[in-house]
Structures are given as structure tokens and as C-alpha cells.
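Dear colleague,

I am handing over a structure to you with this message, and I would ask you to keep it open while you read. My notes on what was found in it follow below.

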Amino acid sequence: MKKFLFLASCCAAFALSAAEVANFDFTGAVPQASGKYSLPRFKKTEIGGDENKRSLYFDGKDAVGTLFAKDFHILKGGSVVVKLKIADKKKNLHMIVVKPDEWWLARQGNKIYFNFCQGNKQAAYGVLVPCDWSKETTIGVSVFPDDTYIVCADGKVLKSGVLSINDSPCYNDKPITIGNGWGSVWSMLGDLYALRLYDEPLAEAELIENTKL
């Protein structure tokens, strides 16, 4: 059964920014949202964690959230910050945040996997960054209009550089998907504590601050 969550109270989980368009915090007794977009619509919603720190729990199968953010295109410049805990070390493929046929942020093995589509929906080279998935972590990715990028985790820069683009990036009006993207093999298993989107890229210092636990 589909559930709808629409809240507009402010979250204090992270520092706010003028570029922020969505700030979702699932750690309280009631999920909270602020910014341009309401909380995602879920095919299956389960609250995990405990009474002190709740989470949005994904079961590694069909759980998926849809955010109607058709006009949010990170490849035109923007940032994604997500706080989560991956539950299963043996499951290597976890799709965390996806803009279908445009870009995605995932775990592949022991790495953060950020990639995007180009040309006729063909995957670009992608960015793979080693990360410690054994603990709760906060990941941030900033992409700038000149195709440079920064990947941070827990207040530290893990990698920066230039995206490998051989063709024009793809853009579309599809909603953002949370917790899945390419079927059950990629379904996220674990807890999502917070998610924020920025329609302008966060500079390095801002991204570091935004990913501190």
C-alpha cells in the first residue's frame, strides 16, 4: 500500500544553505522535511532504528522511495548529502539515490559509486571511491558546471577531480528514487537517517561541514 508523507517543519540535523532544496530527517519520532520538496512517497515504508534515533529502513528487496523532483539535475551543478548505515556486508550492490537515466549514487563493493548517463542513456566512466561501510556514515557529492566534482564522507574529502564526459549529459523529468534503481540486486539494505539535495554545488568547505557526523 502506498503511503504519503507531507510535512513542512524545519530540521536541525544539518546546517542550512541558501542552495538547499530538500532536507529530510528520519531520526525523530516523526519524519521531518523542509525545503522545496515534500518527503518522498514510498511503496513500502518501515521505520527502523530505536526510540533514540529512528531511521527509514530499506529491506534489500522492494523498498523504494520516490521523490517528485523532476527539475533537480545535479549535473547542471548541485549536491547530494546522505546519512546512512548499510546493513549487509555481503550484499555488494546498494543503490542509494538515483535519478533514473541521469545519475546515481550507490555502494559497489567497498566503494562509493557515483555515475551519470550521457549521450543515448549510456553510462559514463563513473567515480569509484573507497569508503568504510562498516559504520554509520555521511556521504556528500558536489558536481560543478565545469564537470569537476568532490566526494566527501564524515567530514573528509575522499576524492576530487573532473568527470569523464565524452558526450552530453542526459537530463529528464523522472523523479528521484531512493533505495533502489535497477531491480532487487541493487536494492539498498540498511538505514537511511537523512537526505539533503542542493540545486547549487557546495564548495569543499561546505561539503566537509555538511558531512560531519
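I begin with a residue late in the chain: Glu 209 has a relative accessibility of 47% and so counts as partly exposed, since that class covers values between 20% and 50%. Its side chain meets that of Lys 212 in a salt bridge, with 3.2 Å from N to O, and Lys 212 is likewise partly exposed, at a relative accessible area of 43%. Please keep in mind throughout that this is a predicted model, and that every value below was computed from it.

**The chain as a whole**

The chain has one helix and 17 strands. It holds 213 residues, of which 51% are buried. If you take the contacts between residues at least 6 apart in sequence, 66% of them join residues at least 24 apart, and several of the pairs described below link parts of the chain that are distant in sequence.

**Salt bridges**

How many salt bridges does the count come to? The count comes to eight, and besides the one between Lys 212 and Glu 209, two others can be described in some detail.

One of them joins Lys 53 and Glu 136, whose closest N and O atoms are 2.6 Å apart. Lys 53 lies in the loop between strand 4 (46-49) and strand 5 (54-59), while Glu 136 lies in the loop between strand 12 (127-130) and strand 13 (137-143), so this pair ties together parts that are 83 residues apart in sequence. Both partners are partly exposed, Lys 53 with a relative accessible area of 27% and Glu 136 with one of 22%. Salt bridges with shared partners also join Lys 53, Glu 136 and Lys 83 into one network. In addition, the charged end of Lys 53 sits over the ring of Tyr 193, at 4.4 Å from its centre, and a comparable arrangement is found for Lys 76, which lies over the face of Tyr 171 at 4.7 Å from the ring centre.

Another salt bridge is formed by the side chains of Lys 174 and Asp 101, at 2.2 Å from N to O. Here Lys 174 is in the loop between strand 15 (156-162) and strand 16, and Asp 101 is in the loop between strand 8 (93-99) and strand 9 (103-108), so the pair ties together parts that are 73 residues apart in sequence. Lys 174 counts as partly exposed at 32% relative accessibility, and Asp 101 counts as partly exposed at 26%.

**A buried charge without a salt bridge**

Which side chain of opposite charge is nearest to Asp 25, and how far away is it? Asp 25, found in strand 1 (residues 20-25), is buried yet has no salt bridge, and the nearest side chain of opposite charge is that of Lys 83, 7.8 Å away. A salt bridge would need a nitrogen and a carboxyl oxygen within 4 Å. The side chain of Asp 25 does, however, make a polar contact of 2.6 Å with the side chain of Thr 27.

**Aromatic rings**

A pair of aromatic rings is described by the distance of the centres and the angle of the planes. The count comes to three aromatic pairs. One of them is formed by Trp 104 and Tyr 113, an edge-to-face pair with 6.2 Å centre to centre and 75° between the planes. Tyr 113 also pairs with Trp 186, and this pair is tilted, with 6.4 Å centre to centre and 35° between the planes. Because Tyr 113 lies in strand 10 (residues 111-118) and Trp 186 in the loop between strand 16 (176-178) and strand 17 (189-198), the pair ties together parts that are 73 residues apart in sequence.

Ring pairs thus link Trp 104, Tyr 113 and Trp 186 into a cluster. Are its members buried or exposed? Trp 104 is buried at a relative accessible area of 4%, Trp 186 counts as buried at 9%, and Tyr 113 counts as buried at 12%.

**A buried serine**

Finally, Ser 142 has its place in strand 13 and is buried, with a relative accessible area of 0%. Its side chain makes a polar contact of 2.6 Å with the side chain of Ser 79. Leaving aside residues up to four places away in sequence, Ser 142 touches several others, including Gly 78, Thr 148, Tyr 149, Ile 150, Pro 201, Leu 202 and Leu 207.

With kind regards

Conventions: Residues numbered from 1 in each chain as written. Predicted model: local features only at pLDDT ≥ 70, side-chain atom pairs only at ≥ 80, totals over all residues. Heavy atoms only, no water. Helix = DSSP H or I, 4+ residues; strand = E, 2+ residues; numbered from the N terminus. Buried < 20%, exposed > 50% of the residue type's maximum accessible area, 1.4 Å probe, protein only. Lys, Arg positive; Asp, Glu negative; His and termini not counted. Polar contact = N/O pair within 3.5 Å; in protein donor to acceptor, adjacent residues only side chain to side chain. Phe/Tyr/Trp six-rings, centres within 6.5 Å; stacked < 30°, edge-to-face > 60°. Lys NZ or Arg CZ within 6 Å of the ring centre and 35° of its normal. Contact = heavy atoms within 4.5 Å.
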